[in-house]
Amino acid sequence: MTNDTSSKDDSSKKIVIQKGTFWPTAIILVAVLVVGIVTPKFFNESASYLFTVVTEQWGQLFLIMALLMFVLCIVIAFTPFGKKKLGGEDAKPEHPVFSWCAMAICSGIATAMVFFAVGEPLTYFHTPPAFTGLTGGTPEAAVRGVMIAAFHWSFIYYGMFAFWGLAVGYMSMNYKLPYRPSSALYPILRHNIYRWPGKAIDVLSVLALIGGIVSSLGFGTTQFASGLDFLFDMTPSNTIFLVTILLVTISYTFSSARGLNNGMRVISNMNAYIYIAITVFLIVFGPTVFLADLFTESLGSMIMNFVPTSLNADPFNVGQGWSENNTVFFMAWILAYAPLIGMFLAKISKGRTIRAYLLVNIFVPGLFVFIWFTAFGGNAIYQDFFNAAGIIDVIREKGFPIANFALLQHMPLQYIIIPLIIACLFFSFITLADAMTGTISSMTLENAVPDEAPRPIKLFWGLLMGATTLICLFALGEVGTLAMQCTTIIYALPIVLISIPVVVSVLRMVSGRVDRELALNPPSEEEMRKKTWRIPR
């Protein structure tokens with residue numbers, strides 16, 4: 001196993017930047033930020049216009065591809081291909097089962113699960129999407145509200161991650177190809193993954209991911225500030241935003257520099273315990289039987305309505321843009337993360353069978369998210385339905401960042417549980433950014449491999465992501481944050497287009513065609529020389 005703590009190992013090999021990935025990414029990212037700083041109004045209007053074009057004109061493709069990737073993962077898990085191991089037949093698991101599951105949950109969910117836990121199901125309860133045909137404030141709307149919110153962030157969410165992780169992980173770990181998204185297309189592109197087609201795929205993947213992280217940090221920072229305001233009457237300000245982002249940036253950069261075993265795995269375990277404690281609290285101190293019944297019926301609704309919800313393209317615009325601004329938006333946002341988070345999930349699953357990799361990385365996090373949304377959203381629905389608590393009115397007045405705290409005002413031990421929520425949010429920042437810092441660092445090196453990247457590269461990318469968020473918040477303000485959310489969806493369009501040939505690549509892997517072709521025509525010596533960089537073991 002790689003020695004995560006040895007600085008000697010980090011310095012014993014010369015660090016060689018992959019210029020074709022590193023420099024285009026940096027230049028495009030800086031150019032976008034400069035445009036935003038110099039002409040914020042133009043930046044916002046352009047991003048908003050492109051967002052509308054992408055979601056309205058290409059929304060159906062995001063929906064179809066999200067469902068297709070999820071279905072393929074389930075089917076592949078039960079084929080003979082599912083018996084193969086990531087990393088080869090001699091590979092051994094590197095992480096205990098609990099740590100493996102904890103990292104899978106924490107690396108993918110980040111701030112989304114915390115941010116939307118109350119606001120989304122409660123909003124759907126009071127104002128059901130038009131395609132459901134339900135009346136707001138009814139028991140049927142409550143069940144469907146929890147189901148739709150959980151749908152957005154659970155099984156199909158992780159299905160996209162797992163699919164991309166399989167595509168890259170199998171080619172990288174089993175055939176020693178570079179640890180980059182472009183390796184997923186090696187069965188089609190062959191040596192062209194080292195040329196401009198491969199570089200373009202890798203650059204777009206990194207850009208989409210950084211835009212997604214900035215959006216997540218923007219959501220999370222506002223909620224973190226709302227929690228401090230609730231606890232200590234500290235009005236959200238630029239100073240609080242600055243301190244929050246600096247703390248988060250320093251924390252996840254330091255964690256990533258310590259390596260996977262000594263950094264993220266420890267934080268993920270701790271965060272998982274906090275998640276479990278909060279969930280148990282909400283179930284035990286909330287309406288326990290009501291929540292159990294709501295979960296059961298919502299799960300039944302998920303099974304019955306999974307496909308209709310997945311493919312709700314709303315061609316007649318009955319929902320007046322609801323699909324574009326909700327399901328399409330979430331699927332595109334998630335897909336922007338998919339290549340790199342999928343790579344991380346494959347990395348921590350090395351030594352597991354492909355069947356275990358797919359089923360665990362989809363259903364363990366998916367089921368946990370479903371329970372989480374039931375615990376939070378179900379409690380909020382109960383309070384508004386039976387006690388006329390008016391939590392929805394607080395959300396409409398002050399926004400989603402205050403939603404969790406508006407609920408917890410009606411729960412016992414609020415001055416214990418609210419700090420836990422804030423801590424959970426803080427650690428969620430760290431686990432997402434930590435996972436992505438390590439992955440980006442590895443793939444922007446020449447001869448990228450799944451091993452730990454050198455600390456200097458991790459520090460560079462970790463600090464750059466934090467600096468990007470700060471620039472958006474301070475130079476562009478709220479407009480900049482919203483515009484970056486729009487650009488995330490714009491970057492996701494190339495990713496969904498790239499996913500189409502990736503599906504072909506994966507089908508070739510599953511059929512055994514890739515194994516046969518590479519046995520007869522293995523990578524050339526030139527290709528083999530491009531993947532010799534490794535930290536000594």
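This is a tutorial dialogue on reading features of a predicted model.

Student: How many helices and strands are in the protein chain?

Tutor: Start with the secondary structure elements. This protein chain contains 21 helices and zero strands.

Student: What share of the residues count as buried?

Tutor: Burial is judged residue by residue. Of the 537 residues in the protein chain, 62% count as buried. The surface can then be read by atom type: the chain exposes about 19,900 Å², and carbon and sulfur atoms supply 66% of that area.

Student: What share of the contacts join residues 24 or more positions apart?

Tutor: Here one takes contacts with a separation of 6 or more and looks at their sequence distance. In the protein chain, 85% of such contacts are between residues 24 or more positions apart.

Student: Which residues have the most contacts inside the largest nonpolar core?

Tutor: A core is read first by its size and then by its best-connected members. The largest nonpolar core has 169 residues, and W153, W164 and W372 have the most contacts inside it. Helix 14 supplies the largest share of this core, 19 residues.

Student: What is W164 in contact with, leaving aside its neighbours within four places in sequence?

Tutor: Its list of partners includes M69, P181 and A184. From helix 14, which covers residues 322-348, the partners of W164 include L335, A338 and P339. I495, I498, S499 and V502 are also in contact with W164.

Student: How many residues does helix 14 have, and what span is expected for it?

Tutor: The end-to-end distance of a helix is compared with the span expected from its residue count. Helix 14 has 27 residues, and 39 Å is expected at 1.5 Å a residue. The distance from its first C-alpha to its last is 36 Å, close to that value.

Student: Where does the kink in helix 14 lie?

Tutor: An overall span should be read together with the local bend. In helix 14 a kink of about 55° lies at A338, shortly before the proline P339. Both A338 and P339 are among the contacts of W164.

Student: Is helix 14 mostly covered or mostly uncovered?

Tutor: Helix 14 is mostly covered, with 26 of its 27 residues buried.

Student: How does the span of helix 7 agree with what its 15 residues should give?

Tutor: The reasoning is the one used for helix 14. Helix 7 runs over residues 139-153 and should span 21 Å at 1.5 Å a residue; its end C-alpha atoms are 22 Å apart, so the two values agree. As for cover, 13 of the 15 residues of helix 7 are buried.

Student: Which residue in the loop between helix 9 and helix 10 has a positive phi?

Tutor: For a positive phi, check whether the residue is a glycine. R190 is not a glycine, yet its phi is positive, about 50°. R190 sits in the loop between helix 9 (186-189) and helix 10 (196-232). N317, also not a glycine, has a positive phi of about 55°. N317 is in the loop between helix 13 (288-310) and helix 14. N317 counts as partly exposed because its relative accessible area is 42%, between the cut-offs of 20% and 50%.

Student: How many disulfides does a search of the whole structure find?

Tutor: The search finds zero disulfides. The cysteines can still be read for burial. C73 has 0% relative accessibility and so counts as buried, and C424, at 0% relative accessibility, is likewise buried.

Student: Which class does V360 fall into, buried or exposed?

Tutor: Its relative accessible area is 18%, so V360 is buried. V360 belongs to helix 15 (residues 354-387). Leaving aside neighbours within four places in sequence, V360 is in contact with W100, C101 and P365. The C-alpha atoms of V360 and Y158 are 9.9 Å apart, with their positions 202 residues apart along the chain.

Student: How far apart are I303 and M147 in sequence and in space?

Tutor: Such pairs are read by setting sequence separation beside C-alpha distance. I303 and M147 are 156 residues apart in sequence and 9.6 Å apart in space. I303 lies in helix 13 and counts as exposed because its relative accessibility is 64%. V307 is also in helix 13, and at a relative accessible area of 43% V307 is partly exposed. The C-alpha atoms of V307 and I64, 243 residues apart along the chain, are separated by 10.0 Å.

Student: What separates the C-alpha atoms of K19 and E446?

Tutor: They are separated by 8.0 Å, while the two residues are 427 residues apart along the chain. K19 lies in helix 2 (residues 19-38), and its relative accessible area of 61% makes K19 exposed.

How values were computed:
Residues numbered from 1 in each chain as written. Predicted model: local features only at pLDDT ≥ 70, side-chain atom pairs only at ≥ 80, totals over all residues. Heavy atoms only, no water. Helix = DSSP H or I, 4+ residues; strand = E, 2+ residues; numbered from the N terminus. Expected span 1.5 Å × (residues − 1). Bend = angle between axes of the 7 residues up to and from the residue. Buried < 20%, exposed > 50% of the residue type's maximum accessible area, 1.4 Å probe, protein only. Contact = heavy atoms within 4.5 Å. Areas by Shrake-Rupley, 256 points an atom, 1.4 Å probe, with all protein chains shown as cover. Core = buried A, V, L, I, M, F, W, Y, C linked by side-chain atoms within 4.5 Å. Disulfide = S-S within 2.5 Å.
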